[in-house]
Amino acid sequence: MPRIRVLSDQVANQIAAGEVVERPASVLKELVENALDAGATRIEVRWEEGGKRLLEVADDGCGMARDDLYMALERHATSKVRTADDLGHLASFGFRGEALPSIASVSRFDMASAEQEGAGHRLRCEFGVIKEVQPFSRSRGTTITVRDLFAQLPARKRFLKATETEHAHLWGVVTRMALATPAIHWVLESDRSGRLTLPAVPVAGARLGPLLGDKLTALVPFRDGAAPWTLHGYVSPPELSFRDRNHLYLFVNGRAVRDRLLLAALASAWEGFFPKGSYPAAVVFLDVPADAVDVNVHPTKAEVRFREPQRIFPWVGRALREAWSGLRGGLASVLDLPPRPLEPELERPLAPVAAEHPHLWAATPPATGGHRALEAAFPRREETSRAAEPVPETTVRYLGSFDATYLLAEATGGPEPELWLVDQHVAHERILYERHFLRKHQPAVQPLMPPRVVRVGPEALARLAPFLDACAEAGVEAEPFAEDAVVVRGLPDFLMDRDPEALLADLLQRLEEIGHVDLDHFRRELNAELSCRSAIKKHHHLPADLAQRLIEDLLACEVPHTCPHGRPVIKKLTRTELERSFGRRA
Ligand SMILES: Nc1ncnc2c1ncn2[C@@H]1O[C@H](COP(=O)(O)OP(=O)(O)OP(=O)(O)O)[C@@H](O)[C@H]1O
Ligand SMILES: [Mg+2]
């Protein structure tokens, strides 16, 4: 008697669901992706008890005919892909034809859909068994309701977390989805958070406040590249940092991804702008041609693979580094402009303002968003940082030094004078670093006399070999030598100090971590090292004119407030703070 049998569809679907449907948030992601693929302009999401009891997504997309309601629950049935070739250039989120059958096999599943007003159907399915299909009058679009997820699968149900945790995961999904789709009108409703309406807006920036909180409205937009290769989004200025990486949102062609390599590129970009152990917030949209990326590499599509990683990562790193160094105005404003007097403005009653300035009243942005809401979310820099009347430039006067290490200076020009303490070593380090590094220079290649043979072993050579051309372009002239070695013939000037063997070992390690050669990283690291070595040391008495110049040069830096290793450079004390400490003020 044969022992091998084909599984029933129901069991096969439940097994497949193990991969696709991990928790309510994964159900939500699949349903929303389907709504987006259906061309929806409006999506309403609703859940109860962290999605365990109820999860519903309603859209105004193309809808489905009666027969397609059945087909949608068949495994490997999809309207989005026909041939294997299609997988190479996907324009849709879906392509497997697995999500709905998987979800329907582990829940009480209700799907109502109509291709046109009035003429719809409704299908009801319980844990993989279709119970009924009835005519159902509704507007164009689809509503899918998922109840009692995993109720009949105790083993899976046990893995669901507390309602708050699942609720948080659901928010994670809608946040990413709504950030990536500014043109869609969203309604998000749950038993715990109430109802949030997000009207369509021209760009994602207008959603930062409602979705990520007021703090993140301080993110600054950036853009790089030209269609079809574009990189754009929002980054936090260096004065807005976080203790963890939870404020990083990465999207590739509109898909939220957790991509180790992209993250590494991002991390290489923020180095030097954010102190060690603190992280920026960033919302980054990478858009590339559909055939430049493979999304069919992860069961829940959370990761992607780039066909030409060596083209993507250096670009992402450079563009973001430029975005951060371009925030100079914002940084300078932290140093030399007064904080905006928010409270008094907020406390002022509205009516008198309107009466005094009737034109202001007329310019009040409509509550529904659109352009004005956008402008409000991203006021031009002068408006954010400066009050109504122009503020004079900060002038800094050197007063003396403490312990031949800390420079004392008086800063005026802001709302009140400040006393600054500047660490002379790290200040000088920052100045040197920016002078040498941020000025982009093409490395000059210096030949190694005699060339140096480094034995790396055959396996490492195989990994390194494809990148040797890229290395040569960047000034590291190296060729394979026999089966297990590399001969290094030249090095860029900024790496001349390095031992070629250690350099290759570093390169290999970077290859392991981020999959491409990143000489820029070495350049930065080395520069930080060199700047540190050549900077004025502590306990070194500086003449007054040099000390004055040092502080002025520091102010002219792109990132004056942290050293290249991330240590703070300036400590400030306002007059008010001083007066408080002397008991002159409450
Ligand atoms: N909201 C919707 N509006 C219109 N059609 C839909 C909707 N949801 C699903 N469908 C149809 O049902 C089919 C099956 O959906 P399902 O999510 O299972 O697979 P898919 O989206 O094609 O691929 P994947 O498994 O990768 O998500 C889709 O191909 C689509 O034709
Ligand atoms: Mg789908």
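# Close-up views of a predicted model

**View 1. Helices H2 and H6 pack together in this predicted model.** Their axes lie 8 Å apart and meet at an angle of about 25°. Angles under 35 degrees count as roughly parallel, so H2 is roughly parallel to H6. The crossing of the two helices is right-handed. On H2, the contact is made by Pro24, Ala25, Leu28, Lys29 and Val32. On H6, which spans residues 163-180, it is made by Glu166, His169, Leu170, Gly172, Val173 and Met177. By class, seven of these contact residues are nonpolar, two are polar and two are charged.

**View 2. A shell of 22 residues surrounds ligand 1.** Asn34, Ala38, Thr78, Gly94 and Ala99 are the closest. Helix H2 (24-37) supplies at least two residues of the shell, and so does helix H4 (99-105). The largest share, four residues, comes from H2. H2 thus appears in two views: it packs with H6 and contributes to the shell around ligand 1. By class, the shell has eight nonpolar, eight polar and six charged residues.

**View 3. Five strands form an open sheet with mixed pairing.** The strand order is E9-E10-E13-E11-E12. E9 (220-226) and E12 (255-256) stand at the edges. Each has a single partner strand, so one side of each is left without a neighbour in the sheet. Strand E10 (residues 229-235) runs antiparallel to strand E13 (residues 282-287), and six bridges join the two. His232 has Phe285 of E13 as its bridge partner. Strand E11 (residues 248-252) runs parallel to E13, with five bridges between them. Here Tyr249 stands opposite Val283 of E13. E11 also pairs with E12, in the antiparallel sense, through two bridges. Phe251 stands opposite Ala256 in E12.

**View 4. A cis peptide bond joins Ala227 and Pro228.** Omega is about 0° at this bond. Pro228 is found in the loop between E9 and E10. Both of these strands belong to the five-stranded open sheet. Most peptide bonds are trans.

**View 5. Helix H9 lies across E9, E10 and E13.** H9 covers residues 309-325 and runs at about 40° to E10. Helix H8 (residues 260-270) packs with H9. The angle between these helices is about 35°, and their axes are 8 Å apart. H8 passes H9 in a right-handed crossing. The H8 side of the contact is made by Leu261, Leu262, Ala265, Leu266, Ser268, Ala269 and Trp270. The H9 side is made by Pro309, Phe313, Val316, Gly317, Leu320, Arg321 and Trp324. By class, the contact has 11 nonpolar, two polar and one charged residues.

**View 6. A hairpin joins strands E7 and E8.** The connection runs through three residues. Strand E7 (residues 185-190) and strand E8 (residues 194-198) are antiparallel, and five bridges join them. The bridge partner of Val187 in E8 is Thr197.

**View 7. Asp403 has a positive phi although it is not a glycine.** The angle is about 60°. Asp403 sits in the loop between strand E16 (395-402) and strand E17 (406-412). Most residues other than glycine have a negative phi.

**View 8. Three strands form an open antiparallel sheet.** They follow the order E19-E21-E20. E19 and E20 (477-481) are the edge strands, and each pairs on one side only. From one strand to the next, the twist averages 15°. E20 pairs with E21 (residues 485-492) in the antiparallel sense over five bridges. In E21, Gly490 is the bridge partner of Glu477.

**View 9. A cis peptide bond joins Met449 and Pro450.** Its omega is about -10°. Pro450 lies in strand E19 (residues 445-455). This strand is an edge strand of the three-stranded sheet in View 8.

Definitions and conventions:
Residues numbered from 1 in each chain as written. Chains lettered and ligands numbered in written order. Predicted model: local features only at pLDDT ≥ 70, side-chain atom pairs only at ≥ 80, totals over all residues. Near = placed C-beta within 6 Å. Nonpolar A, V, L, I, M, F, W, Y, C, P; charged D, E, K, R; others polar. Axes fitted to C-alpha atoms, helices over the stretch in contact; angles between N-to-C directions. Parallel < 35°, antiparallel > 145°, perpendicular 65-115°, else oblique. Left-handed = near helix turned anticlockwise from the far one by under 90°. Contact = placed C-beta atoms within 7 Å. Pairing = 2+ DSSP bridges.
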